[in-house]
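Please walk through the fold shown below, beginning with confidence and ending with individual side chains.

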Amino acid sequence: RQSVRAVIRDGLAETEVDQTFGNPGGGVLEGWYWFSVPERAIVTSFAVETNGSLVEGEVTERKEAAARYTQAVSSGHAPALLEWVDGRTYRSRIYPIPASGSRRVVLRYLEVLPSQEGKLEYLYPMRSDEPSRIGEFSLEVNLGTIGPKMRISSLADAVVEDRGRRVTMRRSGYLPRADFQIEATPIEKDKRAPLSVAR
């Protein structure tokens, strides 16, 4: 299951990605979770559900974090490790994902949205070389008060609601093949007084 919620205000977008991973097998697994964020994004929060409550991560030096993760696994705890791979890519190791069970991960990031002449663009990266099917997928982008003043275009699967204040998308058995993107352009450009030129 993947649930994405984004709020856009004053040229900033805060996105929360809430995912639940299932293990249909008969043995305990370690999960590897890879994800990409947009170029201008900064990860602000990472939490893993343990015993019914979300446990927030903390920033630690890479070698120390890996050692603590290994120690926690061997002592029977349920750790998670988030690592920065490159400019846009992160990966997480999560243990354990119990047999016939699941684990939940919540990630948040903040980004400055590109804007040109009042046009606003929001992108949620989903494209992958090896896409995997998402059992239940939902996405909601809250544009707030600017929504009704904009002409909004997005994927054909997306629905513009509440006079443009929200864009939503819901799918079951979803196999993403492209990034989710919204383009919002002002309905009326600033009206300028006509220019007269005399020679």
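**Confidence, sheet and core**

This is a predicted model, with an average pLDDT of 88 over the protein and 96% of the residues scoring at least 70. Among the elements, strand β1 (residues 2-9) has the highest mean pLDDT, 97, and helix α1 (residues 62-74) the lowest, 78. Where pLDDT is low, the predicted coordinates should not be read in detail.

The sheet comes next. An open sheet is formed by 8 strands, and its order is β5-β4-β8-β2-β1-β11-β14-β13, with mixed pairing. At its edges are β5 (53-56) and β13 (159-161), each of which pairs on one side only. Direction ignored, neighbouring strands in this sheet are turned against each other by 20 degrees on average. Strands of a sheet pair through backbone hydrogen bonds, either parallel or antiparallel.

Several of these pairings can be followed residue by residue. β1 is antiparallel to strand β2 (residues 12-23), and 8 bridges connect the two; A6 stands opposite T15 in β2. These two strands make a hairpin with 2 residues between them, and D10 in the turn has a positive phi of about 50 degrees. β2 is also joined to strand β8 (residues 101-112), again antiparallel, by 12 bridges. Within that pairing, Q19 has V105 in β8 as its bridge partner. At the β13 edge, 3 bridges link β13 to β14 in the antiparallel sense, and E161 stands opposite R166 in β14.

A further antiparallel pairing, over 4 bridges, is that of β12 with β15, where S153 stands opposite E183 in β15. Which side chains of β12 are buried, and which are not? Along strand β12 (residues 150-153) the side chains alternate: M150 and I152 are buried and point to one face, whereas R151 and S153 point to the other and are not buried.

The largest nonpolar core contains 35 residues, and Y122, Y124, V141 and F180 have the most contacts inside it. Strand β11 (residues 134-142) contributes the most to this core, with 4 residues. Leaving aside residues up to four places away in sequence, F180 touches Y122, L123, Y124, M126, L139, V141, S154, L155, A158, V167 and M169.

Next to F180 in the numbering is D179, in the loop between β14 (166-174) and β15 (180-186). Is D179 buried or exposed? D179 counts as buried because its relative accessibility is 15%, and the cut-off for buried is under 20%. Its side chain reaches two backbone nitrogens: that of M126 at 2.9 Å and that of R127 at 2.8 Å. Beyond residues up to four places away in sequence, D179 touches L123, Y124, P125, M126, R127 and L155. Of these, L123, Y124, M126 and L155 are also among the residues that F180 touches.

A last case is A80, which is found in strand β6 (residues 80-84). A80 counts as partly exposed because its relative accessibility is 32%, and that class lies between the 20% and 50% cut-offs. Not counting residues up to four places away in sequence, A80 touches F46, V48, Y69, R93 and I94. From C-alpha to C-alpha, A80 and A65 are 9.7 Å apart in space, with 15 residues of separation in sequence.

Notes. Residues numbered from 1 in each chain as written. Predicted model: local features only at pLDDT ≥ 70, side-chain atom pairs only at ≥ 80, totals over all residues. Heavy atoms only, no water. Core = buried A, V, L, I, M, F, W, Y, C linked by side-chain atoms within 4.5 Å. Buried < 20%, exposed > 50% of the residue type's maximum accessible area, 1.4 Å probe, protein only. Contact = heavy atoms within 4.5 Å. Polar contact = N/O pair within 3.5 Å; in protein donor to acceptor, adjacent residues only side chain to side chain. Pairing = 2+ DSSP bridges. Axes fitted to C-alpha atoms, helices over the stretch in contact; angles between N-to-C directions. pLDDT = per-residue confidence, 0-100.
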